[in-house]
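Colleague: Could you take a close look at one small part of this model for me? I'd like to know how it sits with everything around it.

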Amino acid sequence: MKFKSWDNTKEIELSNCPFCDSEPIIKHIGNDYTKTRSIEIKCPKCRIKRIDTALRQGFSWLEEVATKNWNQRSMHNKPLEPTRKAERLS
Ligand SMILES: [Zn+2]
């Protein structure tokens, strides 16, 4: 499925749930002025979810990380790196 990015500038591709193939729900928590920002991606059917949090980076960056991690999980079903490590690497 595709959804509009938080600032409406682009479309982001999100894979279906790796377990039941449902369309996931994405939720933005906080904004650029709160201490941290989080993106929650979850499956409405089997209720699995992952949350990625950014301390310094904004939602644009976080959306890319969160969707990439979710899509990787769908395809390869492997353990994910913690977000903060990804933040340091960028
Ligand atoms: Zn599911």
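The residue I keep coming back to is Arg47: in which loop is it found?

Modeller: Arg47 is in the loop that links β4 and β5. Bear in mind that this is a predicted model, so I'll say something about confidence as well as geometry. Those two strands form a hairpin with six residues between them, and Arg47 belongs to the turn. The backbone there is worth a look: phi of Arg47 is positive, about 65°, even though the residue is not a glycine. Arg47 also counts as exposed, because just 8 other C-beta atoms lie within 10 Å, and the cut-off for exposed is 12 or fewer.

Arg47 has a counterpart elsewhere in the chain. Asn8, in the loop between β1 (2-4) and β2 (11-13), has a positive phi near 70° and is likewise not a glycine. Asn8 is exposed because it has 7 C-beta neighbours inside 10 Å.

Now for the strands on either side of your turn. β4 and β5 pair antiparallel, over six bridges. In that ladder, Ile39 is opposite Asp52 of β5. Right beside Asp52 along the chain is Thr53, also a β5 residue (the strand spans 49-54). Thr53 and Ile39 are 14 residues apart in sequence, with 6.5 Å between their C-alpha atoms. Thr53 has 19 C-beta neighbours inside 10 Å, so it counts as partly exposed; the buried class starts at 20.

On its other side, β4 meets β3. Five bridges hold that antiparallel pair together, and one of the matches puts Ile29 across from Ser38 in β4. Put the two pairings together and you get an open, antiparallel sheet of three strands, ordered β3-β4-β5. Its edges are β3 (25-29) and β5, each of which pairs on one side only. Ignoring direction, neighbouring strands in the sheet are turned by 15° against each other on average.

What does the hairpin pack with? The largest nonpolar core has six residues: Ile39, Ile41, Ala54, Leu62, Ala66 and Trp70. β4 and α1 each contribute at least two of its members, and α1 has the largest share, with three residues. A cluster like that fits a broader tendency: in soluble globular proteins, nonpolar side chains tend to be buried together. It's also worth recalling that side chains in a regular strand alternate between the two faces of the sheet. Ile41 gives you a good view of the surroundings. Leaving out residues up to four places away in sequence, Ile41 touches Pro24, Ile26, Lys49, Arg50, Ala66 and Trp70. Of these, Ala66 and Trp70 are fellow members of the core.

Follow α1 (residues 59-76) further along and you get to Arg73. Arg73 is partly exposed because it has 18 other C-beta atoms within 10 Å. Its C-alpha is 9.0 Å from that of Cys17, although 56 residues separate the two in sequence. Gln72 is in α1 too, and its 15 C-beta neighbours inside 10 Å make it partly exposed. The C-alpha atoms of Gln72 and Ser15 are 8.9 Å apart, across 57 residues of sequence.

Stepping back, the protein has two helices and five strands, which come in the order β-β-β-β-β-α-α along the sequence. Buried residues account for 14% of the 90 in the chain. Among contacts with a separation of 6 or more, 36% are between residues 24 or more positions apart.

As for how far to trust the picture, the mean pLDDT is 85, and 81% of the residues reach 70 or more. Confidence is highest in β4 (residues 37-42), with a mean of 96, and β4 is one of the two strands of your hairpin. At the other extreme, helix α2 (residues 83-89) has the lowest confidence, at a mean of 57.

To come back to your residue: Arg47 is an exposed residue in the β4-β5 loop, with a positive phi of about 65°.

Note on methods
Residues numbered from 1 in each chain as written. Predicted model: local features only at pLDDT ≥ 70, side-chain atom pairs only at ≥ 80, totals over all residues. Helix = DSSP H or I, 4+ residues; strand = E, 2+ residues; numbered from the N terminus. Contact = placed C-beta atoms within 7 Å. pLDDT = per-residue confidence, 0-100. Pairing = 2+ DSSP bridges. Core = buried A, V, L, I, M, F, W, Y, C linked by C-beta atoms within 7 Å. Axes fitted to C-alpha atoms, helices over the stretch in contact; angles between N-to-C directions.
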